[in-house]
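Grab a pencil and open the viewer. Here are some short exercises to work through with the model in front of you.

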Amino acid sequence: MSVVDSVFLAVSGGQQEVVDWLVEGVGAEVLVTETSAVRLRMRGESAADWLGVVVQPNGYVVPDPEPDEVQAMDGYAIEVQVRGGGSDDILHREAGRLFETLITTRPEVPALLVHNLDTLVSAHLPGAGTHTFDPLITPDIEDIDTWRAWVRG
């Protein structure tokens, strides 16, 4: 099973806005535009490394979730998946670097960094700042008391 890290963004302009940020801000290149996703590639920290990036609507949101189905990423319209890097450690580092770039260049946009959909690493909330969870937690309901103050509702 491959590991995928995701940056979830609460944007008003939709996925094309995020694609434009990635092209302009990190030098990503659009490879394929599909009906519901845009596939890009971007250089990793090492110029020899390419990472795959997919910008798509957040497909993990459950409309009218039951109380036990609530997740931290429910309030975020766009998912930016990051794949590749050659190892999980490199992927996590590169996804973290992308998250930092996005929150630095777009501090007005709420964002989450999630490893493999099961670990909530960091959250950025305008007005509250950026928080890295230590120890790491899940984005699921069982950790809501820890992440609630840092997540867009």
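The exercises below go from the sheet to the helices and then to a loop, and the model is a predicted one.

**Exercise 1. Work out the strand order of the open sheet and find which strands stand at the edges.**

Solution. Start with the order: the eight strands line up as β2-β3-β4-β5-β1-β6-β7-β8, and the pairing is antiparallel. Next, look at the ends of that list. β2 and β8 (129-137) each have a single partner strand, so one side of each has no neighbour in the sheet. Last, check the twist, which averages 20 degrees from one strand to the next.

**Exercise 2. Trace how β2 pairs with β3, and how β1 pairs with β6.**

Solution. Take β2 (residues 29-33) and β3 (residues 38-43): they run antiparallel and are joined by four bridges. To fix the register, find Val30, whose bridge partner in β3 is Leu40. The connection is a hairpin, with four residues between the two strands. Now move to β1 (residues 5-9) and β6 (residues 111-115), an antiparallel pair with five bridges. Here Phe8 has Leu112 of β6 as its bridge partner.

**Exercise 3. Classify the packing of α1 against α2 as parallel, perpendicular, oblique or antiparallel.**

Solution. First get the geometry: α1 (residues 15-26) and α2 (residues 88-105) pack at about 100 degrees, with axes 11 Å apart. Angles of 65 to 115 degrees count as roughly perpendicular, so α1 is roughly perpendicular to α2. Then list who touches whom: α1 brings Trp21, Leu22, Gly25 and Val26, while α2 brings Leu98, Thr101 and Leu102. Sorted by class, that contact has five nonpolar residues, two polar ones and no charged ones. For the other neighbours of α1, turn to the sheet: the helix lies across β1, β2, β3, β4 (50-57) and β5 (78-84), at about 155 degrees to β4.

**Exercise 4. Check the span of α2 and pick out its buried residues.**

Solution. Step one is the length: α2 has 18 residues and reaches 26 Å from first C-alpha to last, close to the expected 26 Å. Step two is burial: Leu91, Glu94, Ala95, Gly96, Leu98, Phe99, Leu102 and Ile103 are the buried ones. As background, an α-helix has 3.6 residues a turn, so residues three or four places apart point the same way.

**Exercise 5. Decide whether Gly59 is buried or exposed.**

Solution. Locate Gly59 in the loop between β4 and β5. Its relative accessibility is 64%, so Gly59 counts as exposed. Finally, compare with Ala123: Gly59 and Ala123 sit 64 residues apart in sequence and 19 Å apart in space, C-alpha to C-alpha.

Technical notes. Residues are numbered from 1 along each chain as its sequence is written. This is a predicted model: local features need pLDDT of at least 70, side-chain atom pairs count only at pLDDT 80 or more; totals for chains, interfaces and linings use all residues. Side-chain values use heavy atoms; hydrogens and water are left out. Axes are lines fitted to C-alpha atoms, for helices over the stretch in contact, and angles run from 0 to 180 degrees between N-to-C directions. Angles under 35 degrees count as roughly parallel, over 145 as roughly antiparallel, 65 to 115 as roughly perpendicular and the rest as oblique. Contact means heavy atoms within 4.5 Å. Ala, Val, Leu, Ile, Met, Phe, Trp, Tyr, Cys and Pro count as nonpolar, Asp, Glu, Lys and Arg as charged, and the others, Gly among them, as polar. Two strands pair if DSSP finds at least two bridges between them. The expected span of a helix is 1.5 Å times one less than its number of residues. Buried means under 20% relative accessible area, exposed over 50%, partly exposed in between (1.4 Å probe, protein chains only).
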